[in-house]
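Okay, thanks for having me on the agenda. I'd like to walk you through one model today, from the inside out, so please have the view open in front of you.

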Amino acid sequence: MAIAVGERAPDFTLPKQDGTQVRLSELLTRGPAIVYFYPKDETPICTAEACSFRDAYEDFKAAGAEVVGISNDSAEDHASFATNHRLPFILASDKGGVVANQYNVKKGLFGLMAGRVTFVVDRQGIVRHAFSSQLSSSRHVEEALKVLKSL
């Protein structure tokens with residue numbers, strides 16, 4: 001089971017698509033964060049999920065939140081993915097799945113691919129919502145927005 005609601009989200013520092021670093025604790029000084037783990041850039045469901053986050057990005061920003069997508073892909077792959085799909089949010093490279101393991105994100109679909117889990121983390125670093133679904137990519141955005149608006 002992923003990190004539970006009410007638990008402290010593990011802090012992390014990871015390379016972003018532009019080569020700089022993102023640190024969760026720094027993001028939280030400005031507002032809540034939506035941290036979503038996904039299997040792979042440029043795959044159909046991951047692309048649909050990323051585009052759903054893109055399409056709702058202004059709603060997340062209006063609520064004061066930042067979106068961070070995390071996968072095992074390299075920062076260079078993330079840069080290409082972000083450019084190809086006009087993704088305005090942070091994509092972070094978790095080579096080796098260290099941060100995914102800290103969040104206890106389990107592999108999905110019979111252990112064949114990385115998990116797909118979205119966390120809503122409040123400004124104090126507490127997980128307020130966790131949603132896991134390998135196939136229902138748009139629900140990740142819907143669930144996160146619903147919870148974010150209630151914070």
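**Starting from the core**

So, the largest nonpolar core here has 23 residues, and the ones with the most contacts inside it are F12, L24, V35, F37, I70, Y103 and F119. Who supplies them? α1 (24–28), β3, β4, β5, α5 (98–102) and β6 each put in at least two residues of this core. Before I go on, keep in mind that this is a predicted model. The general background is familiar: in soluble globular proteins, nonpolar side chains tend to be buried together.

Let's click on F37. What is F37 in contact with, once we leave aside its neighbours within four places in sequence? The list is I70, D94, V99, A100, Y103, V105, G115, R116, V117 and F119. There is also another core, apart from the one I just described, with 22 residues, and among them are V67, L91, V120 and V147.

Now the sheet. Five strands make up an open sheet with mixed pairing, and the order is β5-β4-β3-β6-β7. β5, at 90–93, and β7, at 127–132, are the edge strands, each pairing on one side only. From one strand to the next, the twist averages 20°.

Let me take the pairs one by one. β3 and β4 are parallel, over five bridges, and if you want a landmark there, the bridge partner of I34 is V67 in β4. β4 and β5 are parallel too, with four bridges between them, and here I70 stands opposite A92 in β5. To get from β4 to β5 the chain passes through α4, and that β-α-β crossover is right-handed. Over at β7, the sense is antiparallel: β6, residues 117–121, pairs with β7 over five bridges, and V120 stands opposite H129.

Stay with β4 for a second. How many of its six residues are buried? Six of six, as it turns out, so I'm happy to call β4 mostly covered. As a reminder, in a regular strand the side chains alternate between the two faces of the sheet. Both faces of β4 are covered: E66, V68 and I70 are buried on one side, and V67, G69 and S71 are buried on the other. And two of those names have come up already: I70 is listed among the residues with the most contacts inside the largest core, while V67 belongs to the other one.

What lies across the sheet, then? Helix α2, residues 44–55, lies across β3 (33–37), β4 (66–71) and β6, and runs at about 170° to β3. Helix α4, residues 75–85, lies across β4 and β5, at about 155° to β5.

α4 is worth a closer look. Its buried residues are A75, H78, F81, A82 and H85. Why do they end up on the same side of α4? Because they cover an arc of only 115° around the axis. The general rule behind this is that an α-helix has 3.6 residues a turn, so residues three or four places apart point the same way. What do the buried residues of α4 pack against? That would be α2, β4 and β5. On the face turned away from the buried side you find the exposed residues E76 and T83.

While we're on the helices, P44 is in α2, and with a relative accessible area of 69% P44 is exposed. If you like a ruler, the C-alpha atoms of P44 and A79 are separated by 17 Å, with the two positions 35 residues apart along the chain.

Last stop, a couple of backbone oddities. Most residues other than glycine have a negative phi, and most peptide bonds are trans. Against that, R86, which follows α4, has a positive phi, near 50°. R86 is in the loop between α4 and β5, and at 60% relative accessibility R86 counts as exposed. The other one is E42, with a positive phi near 65°. You'll find E42 in the loop between β3 and α2, and E42 is partly exposed, at a relative accessible area of 39%.

That's my tour. Happy to rotate the view if anyone wants another look.

Note on methods. Residues numbered from 1 in each chain as written. Predicted model: local features only at pLDDT ≥ 70, side-chain atom pairs only at ≥ 80, totals over all residues. Heavy atoms only, no water. Pairing = 2+ DSSP bridges. Axes fitted to C-alpha atoms, helices over the stretch in contact; angles between N-to-C directions. Contact = heavy atoms within 4.5 Å. Buried < 20%, exposed > 50% of the residue type's maximum accessible area, 1.4 Å probe, protein only. Arc of directions from axis to C-beta. Core = buried A, V, L, I, M, F, W, Y, C linked by side-chain atoms within 4.5 Å. Right-handed = clockwise from strand over helix to strand, strands pointing away.
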